[in-house]
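Got your viewer open and a hand on the mouse? Take a slow walk through this model, one selection at a time.

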There are 2 protein chains.
Amino acid sequence: MQVKPPKTSIRADNEAAILAAAESVFAEVGFKGATTSEIARRADVPKANLHYYFATKEDLYRIVLQRVLTVWLSAASSMDDNEEPEVALSRYIGMKMDLSRTMPLGSQIWASEIMRGAPMIKDFLETTLKEWVSDHEIVVQRWISDGKIYPVAPKALFFMIWATTQHYADFSTQIAAMNGGAPLSDEEFETARLQVIEMIVRSVVKPPAAPAKTL
Amino acid sequence: MQVKPPKTSIRADNEAAILAAAESVFAEVGFKGATTSEIARRADVPKANLHYYFATKEDLYRIVLQRVLTVWLSAASSMDDNEEPEVALSRYIGMKMDLSRTMPLGSQIWASEIMRGAPMIKDFLETTLKEWVSDHEIVVQRWISDGKIYPVAPKALFFMIWATTQHYADFSTQIAAMNGGAPLSDEEFETARLQVIEMIVRSVVKPPAAPAKTL
DNA sequence: TGACGACTTGACCATTTGGTCAATTCTTGT
DNA sequence: ACAAGAATTGACCAAATGGTCAAGTCGTCA
């Protein structure tokens, strides 16, 4: 199951520790605010050792960002099939909620990269992401033509999905404060997950046509 | 209409220029990433002059944050009355969309403050914001009891509203990229605003009970 | 076992950082 | 007109920053 032979496990271990530390620092204070010494501290290696594995802070950031994009793409493909809108949307929203739960740092890094003007992922936004949106706008348009969902601007729907699901990662501090100070438990999160799916689906999917005459 | 007599207009002008510059820098790179020299550069004053008006970077940040909270509170009160859910929600969502349009930097600063763990507004979250949520949960519960909206977790509804509306501020770079590279025009934004209101309202408000028998 | 490359790290460097200060130049009220 | 406070700013400082380097230690494979 290993993709790359692990060179030495020393290298693999150290790179992993440094990348994990980098992820958490970048998520908290963004690229500009991050310091290599703080990353080294969290990874529990001397700063010089960090620079032995990753030449520059920008290199480190680029690699961390690349993993975020990869994960984003994997979730994105979960909406590809042409199922019924309710099913396709539920699957996609659920997947995004799972991502917010399991990889909140990635979501936060994405957010702070966007907020600083996306200098590093401008290209990704303009090509890959733009294409995903264009492709899926067509799907939504078809659902509208077929009378399955209300006529809505597809982009507004995508933005609502992204915003709401990622909110559970990016604003987890605020959510915890509203939850009596503690992060959502697994059960609480699962409830939220279902609730989000239910609300967003209802926001666009037409209820089944009035049952012809039965009852 | 002036609240404080403007001391000298020199002071007022300089403070305003510095605060505006600070807002834009903090919005882009957060508190940790911001530098006083960059703020001074954007305000077009020497750094020493900036420190003449604001003693420390933290002071500046605190003041900028305070204004964000004030604005947030003014929008929050727009949902207070006990109107029909559709009206109350539409007004509140519309107000939040307006805020995202007119004060996007404030929204971004809020987001980055939350992402770094909200060290500076923890108290606001745990008191003022928590109370607002508690109070309005009651309103939503009543709407549910009255059968006016579907049974939803009030917090999940608030989070969806905040997330979606603030997305138009925090992720404007990404939205522009999806819009062919240009920020939303006034008309495009107005369309989005209406669309967001429509979707969120539909996500919770029950359609009028099947019209008794007419037609 | 020994040699060679991988790994480790304290000391160091130039630059940038937040912030200070004293000397100077306005403004303004009388 | 002029004194007194308000405003301006170049020069400066200690600390922190991203990054380097040389001198070592360790792992492993023949």
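Here is a tour of the places where the parts of this model meet.

**Before you click**

This is a predicted model, in which local features need pLDDT of at least 70 and side-chain atom pairs count only at pLDDT 80 or more, while totals for chains, interfaces and linings use all residues. Residues are numbered from 1 along each chain as its sequence is written, chains are lettered from A and ligands numbered from 1 in the order in which they are written, and side-chain values use heavy atoms, with hydrogens and water left out.

**Stop 1: chain A against chain B**

Select both protein chains. Each one brings 51 residues to the contact (contact means heavy atoms within 4.5 Å). The size of an interface is often given as the accessible area lost when the parts come together. Here chains A and B bury about 4,500 Å², with 69% of it on carbon and sulfur atoms; buried area is the accessible area (1.4 Å probe) that two parts lose on being put together, summed over both.

How many salt bridges cross the interface of chain B and chain A? Zero are found there, a salt bridge being a side-chain nitrogen of Lys or Arg within 4 Å of a carboxyl oxygen of Asp or Glu. Polar contacts do turn up, in 15 residue pairs (both at pLDDT 80 or more). A polar contact is a pair of N or O atoms within 3.5 Å; within protein, one must be able to donate a hydrogen and the other to accept it, and residues adjacent in sequence count only if both atoms are side-chain atoms.

Now colour the helices of chain B (DSSP runs of H or I, at least four residues, numbered from the N terminus). On the side of chain B that touches chain A, α8(B) gives the most, with 12 residues. That side divides into 28 nonpolar, 13 polar and 10 charged residues. In this scheme Ala, Val, Leu, Ile, Met, Phe, Trp, Tyr, Cys and Pro are nonpolar, Asp, Glu, Lys and Arg are charged, and the others, Gly among them, are polar.

**Stop 2: inside chain A**

Select residues 8-55 of chain A for domain 1, then 65-204 for domain 2; such bounds come from an automatic or database domain assignment. Their C-alpha centres lie 28 Å apart. Seven residues of domain 1 and six of domain 2 make the contact, and the area buried between these two domains of chain A is about 640 Å². Show A:E23, A:A27 and A:F31 as sticks: in domain 1 they lose the most area to domain 2, together 66% of what that side buries.

**Stop 3: DNA strand C**

Which residues come nearest to DNA strand C? Of the 18 around the strand, they are A:R11, A:A48, B:T36, B:K47 and B:K57 (near means a heavy atom within 4 Å). Zoom in on A:R11, where a polar side-chain atom lies 2.6 Å from a phosphate oxygen of strand C. For B:K57, look at the backbone instead: a polar atom there is 2.7 Å from a phosphate oxygen of strand C. The largest share of the surface near this strand, four residues, comes from α3(A).

**Stop 4: DNA strand D**

Switch to DNA strand D, with 18 residues around it, the closest being A:T36, A:K47, A:K57, B:R11 and B:A48. A backbone N or O atom of A:T36 sits 2.9 Å from a phosphate oxygen of strand D. In B:N14, a side-chain N or O atom is 3.0 Å from a phosphate oxygen of strand D. For the surface near strand D, α3(B) supplies the largest share, four residues.

Notes. Helices (H or I, at least four residues) and strands (E, at least two) are DSSP runs, numbered from the N terminus.
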